[in-house]
Amino acid sequence: MLLNTTAKIENIIARRTLELKDSQERFLSFMKYSPVLTSITDYDGKFIFTNESWQKYFNKKNDDSLGKTLQEALPIELANEFSIKNQALLDNDKLIHSEIWEDGNKASFLTYRFLINRDQQTPLIGASFINITTQKSLENKLRQINIELELRVYERTEELNRKQ
């Protein structure tokens with residue numbers, strides 16, 4: 001009877017281990033090919049995960065960031081900005097959506113910060129950065145075209161009014 005119970009427990013453990021491994025592989029594969037810059041930090045602001053897009057953008061390898069604080073892994077101005085936003089998230093426990101302009105690269109990102117709650121443990125902080133630089137550039141061009149068009153309409157209207 002004891003051997004039968006032990007075999008059942010071992011079977012359950014093996015199955016759960018395989019399910020966990022499969023889940024981790026799916027997650028890592030998804031993150032590897034995602035164009036969204038993604039990071040996870042712990043309560044103290046130490047990186048515990050960054051995906052390849054994040055690493056490429058910030059020119060960091062996992063060894064350069066994992067286990068390090070924001071201030072150790074990023075330029076200080078950016079690290080301080082991220083720390084403030086992370087603290088606001090921890091204080092309010094709500095999704096934070098904001099737009100930031102990155103340091104000197106003229107890139108614009110739509111950012112989302114959220115808590116990753118864990119049973120009986122301090123939460124982790126997830127952050128996703130969606131590059132919207134092209135959209136912002138197109139918006140600016142459209143705004144400029146609208147200004148030029150309004151000016152032409154105004155000038156043409158004035159010209160027609162003078163002819164009357």
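A salt bridge is a side-chain nitrogen of Lys or Arg within 4 Å of a carboxyl oxygen of Asp or Glu. With that definition in hand, the reader may begin at arginine 113 of this predicted model. Arginine 113 is buried and yet has no salt bridge. Its nearest side chain of opposite charge belongs to glutamate 81, which is 6.3 Å away; because a salt bridge requires a nitrogen and a carboxyl oxygen within 4 Å, this pair does not qualify.

What surrounds arginine 113 instead? The residue is found in strand E4, which covers residues 108-118. The side chain of arginine 113 makes a polar contact of 3.2 Å with the side chain of asparagine 86. Leaving aside residues up to four places away in sequence, arginine 113 touches Phe82, Lys85, Asn86, Leu89, Lys94, Leu95, Ile96, Gly126, Ala127 and Phe129.

Glutamate 81, the residue that arginine 113 does not reach by a salt bridge, has a partner elsewhere. Glutamate 81 forms a salt bridge with lysine 85, and the closest N and O atoms are 3.3 Å apart. Both residues lie in helix H5, separated by 4 residues, about one turn of the helix. Glutamate 81 counts as partly exposed, at 27% relative accessibility, whereas lysine 85 counts as buried at 18%. Lysine 85 is also one of the residues that arginine 113 touches.

The discussion now turns to the nonpolar interior. The largest nonpolar core has 15 residues, and those with the most contacts inside it are Trp54, Phe58, Leu74, Phe82 and Phe129. Helix H4 (70-73), helix H5 (76-92) and strand E5 are the elements that give two or more residues to this core. The largest share, 3 residues, comes from H5. Two of the names given here, Phe82 and Phe129, appear both in this core and among the residues touched by arginine 113. Leucine 74 touches Phe47, Trp54, Phe58, Ala79 and Phe82, again without counting residues up to four places away in sequence. Apart from the largest core lies another core, of 5 residues, among them Leu89, Leu90, Ile96 and Leu115. Leu89 and Ile96 are also touched by arginine 113.

Strand E1 offers a further view of the interior. Is E1 enclosed or open to the surroundings? In E1 (residues 37-41), 5 of the 5 residues are buried, so the strand is largely enclosed by the rest of the structure. Leu37, Ser39 and Thr41 point one way from the strand, while Thr38 and Ile40 point the other way, and all are buried.

E1 pairs with two strands. It runs antiparallel to strand E5 (residues 121-131), to which 5 bridges join it; in this pairing threonine 38 stands opposite serine 128. E1 also pairs in the antiparallel sense with strand E2 (residues 47-50), over 3 bridges, and here threonine 41 stands opposite phenylalanine 47. E1 and E2 form a hairpin with 5 residues between them, and in the turn glycine 45 has a positive phi of about 85°.

A positive phi is also found at two residues that are not glycines. One of them is asparagine 59, with a phi of about 55°, which is found in the loop between helix H2 (52-57) and helix H3 (62-65). The other is glutamine 120, also with a phi of about 55°, placed in the loop between E4 and E5. Are these residues buried or exposed? Asparagine 59 counts as exposed at 70% relative accessibility, and glutamine 120 counts as exposed at 83%.

The account closes with the charged pairs. How many salt bridges are there? The count comes to 6 salt bridges, including the pair of glutamate 81 and lysine 85 described above. In helix H1 (residues 2-33), aspartate 22 and arginine 26 lie 4 residues apart, about one turn of the helix. They form a salt bridge whose closest N and O atoms are 2.5 Å apart, and aspartate 22 is partly exposed, with a relative accessible area of 39%. In helix H6 (residues 133-163), glutamate 159 and arginine 156 lie 3 residues apart, about one turn of the helix. Their closest N and O atoms are 2.7 Å apart in a salt bridge. Glutamate 159 is partly exposed at 32%, and arginine 156 counts as partly exposed at 41% relative accessibility. Finally, Lys136, Glu139 and Arg143 are joined into one network by salt bridges that share partners.

Methods: Residues are numbered from 1 along each chain as its sequence is written. This is a predicted model: local features need pLDDT of at least 70, side-chain atom pairs count only at pLDDT 80 or more; totals for chains, interfaces and linings use all residues. Side-chain values use heavy atoms; hydrogens and water are left out. Buried means under 20% relative accessible area, exposed over 50%, partly exposed in between (1.4 Å probe, protein chains only). Lys and Arg count as positive and Asp and Glu as negative; His and the chain ends are not counted. A polar contact is a pair of N or O atoms within 3.5 Å; within protein, one must be able to donate a hydrogen and the other to accept it, and residues adjacent in sequence count only if both atoms are side-chain atoms. Contact means heavy atoms within 4.5 Å. Two strands pair if DSSP finds at least two bridges between them. A nonpolar core is a set of buried Ala, Val, Leu, Ile, Met, Phe, Trp, Tyr and Cys residues joined through side-chain atoms within 4.5 Å.
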